[in-house]
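Here's a quick tour of one model, written for someone who likes to know the cut-offs. Have the viewer open and follow along.

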Amino acid sequence: MFDEADRGIGFAPTKSPYDPRHMLHGHHDETGAWVGGFFDRGSWMETMDGWSKTVVVGHGRLGGVPIGAIAVETRGVEAVIPTDPANLDPAEQTAIRDLGHVGLPLLNFANWRGLLGGQSNMFDDILKFGSCIVTALHTYPGPVFVYIVPHGELRGGAWVVLDPSIHYVDTTARGGALELLSLLPRVDEKA
C-alpha cells in the first residue's frame, strides 16, 4: 500500500531546530493526530540509525516508488572525537555509496553550509570529507535530486558541488556560492 504522490505533506520545517525524521516519515503530534511526512506512511526505513548523529539516511516510498534519502540533523549534537581518527569514513559518503549499491535514486534534503577552506575546516577534516562526498555524488550510479528544504541553507562549496543536481528549492530557503563572511573586508587590509 502506498500514498498518493500528489498528497499534501503535513510537516513543515521551521527556522528553529527540528527532528528531520518528522519531515521524512511523519509523526503523531501532541494530540495524537497524524502529521504526514515526505514519504509514504509506514515505508521509511532508516539505515544508519545511531551511527551518524548529524545525518539521517534511509529509504522509503514516494507514491509507491522506492527512493533513498539523506537529510541533515538540525538539532545540536554532542561530538565525540576518537583518539585515532585515521580510519574515519564520512557518514554522507558511506550513505551515498550504500544507497548506490542498492540501485535507488537519491534525494538529498539539502541544508548544508559550504566548504570554506579555512583553518578550522582543515583541522576538522571538513575539506577532506567534503571531497569524499563530492566523489560519491559524482560517481553515483543513479539519478541524484536535490531539494533545498524550507528555511534551509546551501552555501559556499556545498552550493558549487550540488548546483547541477538542484531540482527543488523552497521559497523560504537561502543559498549562494559565497559565504556572508567572505564578503566582509579583511581587518589587515589598508584602506
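## Ground rules

This is a predicted model, so to speak in its terms: local features need pLDDT of at least 70, side-chain atom pairs count only at pLDDT 80 or more, and totals for chains, interfaces and linings use all residues. Residues are numbered from 1 along each chain as its sequence is written, and side-chain values use heavy atoms, with hydrogens and water left out.

## Around D19

Let's start with D19, which touches F11 and R75 once residues up to four places away in sequence are set aside; contact here means heavy atoms within 4.5 Å. D19 sits in the segment before α1 (20–25). Helices (H or I, at least four residues) and strands (E, at least two) are DSSP runs, numbered from the N terminus.

D19 has a relative accessible area of 18%, so it is buried. The scale runs like this: buried is under 20% relative accessible area, exposed is over 50%, and partly exposed is in between (1.4 Å probe, protein chains only). A polar atom of the D19 side chain lies 2.9 Å from the backbone nitrogen of R21.

## The sheet

Next, the strands. Six of them make an open sheet with mixed pairing, in the order β3-β4-β5-β6-β7-β9. β3 (45–46) and β9 (166–169) are at the edges with a single partner strand each, so one side of each has no neighbour in the sheet. Two strands pair if DSSP finds at least two bridges between them. As background, strands of a sheet pair through backbone hydrogen bonds, either parallel or antiparallel.

At the β3 edge, β3 and β4 (residues 55–62) pair in the antiparallel sense over two bridges, and M45 has H59 in β4 as its bridge partner. Moving on to β7, the sense is parallel: β6 and β7 share five bridges, while β7 and β9 pair in the parallel sense over three. I148 in β7 is the bridge partner of A110, and I148 also stands opposite V169 in β9. Four of the five residues of β7 (residues 144–148) are buried, so this strand is largely enclosed by the rest of the structure.

## Rings

How many aromatic pairs does the structure hold? There are seven. The rings of F38 and F109 have centres 5.0 Å apart and planes at 90°, so they make an edge-to-face pair. F38 is in the loop between β2 (34–35) and β3, and F109 is in β6 (residues 106–110), so the pair ties together parts 71 residues apart in sequence. The rule covers rings of Phe, Tyr and Trp (its six-membered ring) with centres within 6.5 Å; planes under 30 degrees apart count as stacked, over 60 as edge-to-face and the rest as tilted.

F38 is buried at 17% relative accessibility, and F109 is buried too, at 1%. Ring pairs link F38, F39, W44, F109 and Y147 into a cluster.

## V72 and F109

F109 turns up again beside β5 (residues 65–72), the strand where V72 is found. Leaving out neighbours within four places in sequence, V72 contacts P20, T54, F109, N111 and W112. The C-alpha atoms of V72 and F109 are separated by 7.2 Å, with their positions 37 residues apart along the chain. V72 has a relative accessible area of 18%, so it counts as buried.

Definitions and conventions. A polar contact is a pair of N or O atoms within 3.5 Å; within protein, one must be able to donate a hydrogen and the other to accept it, and residues adjacent in sequence count only if both atoms are side-chain atoms.
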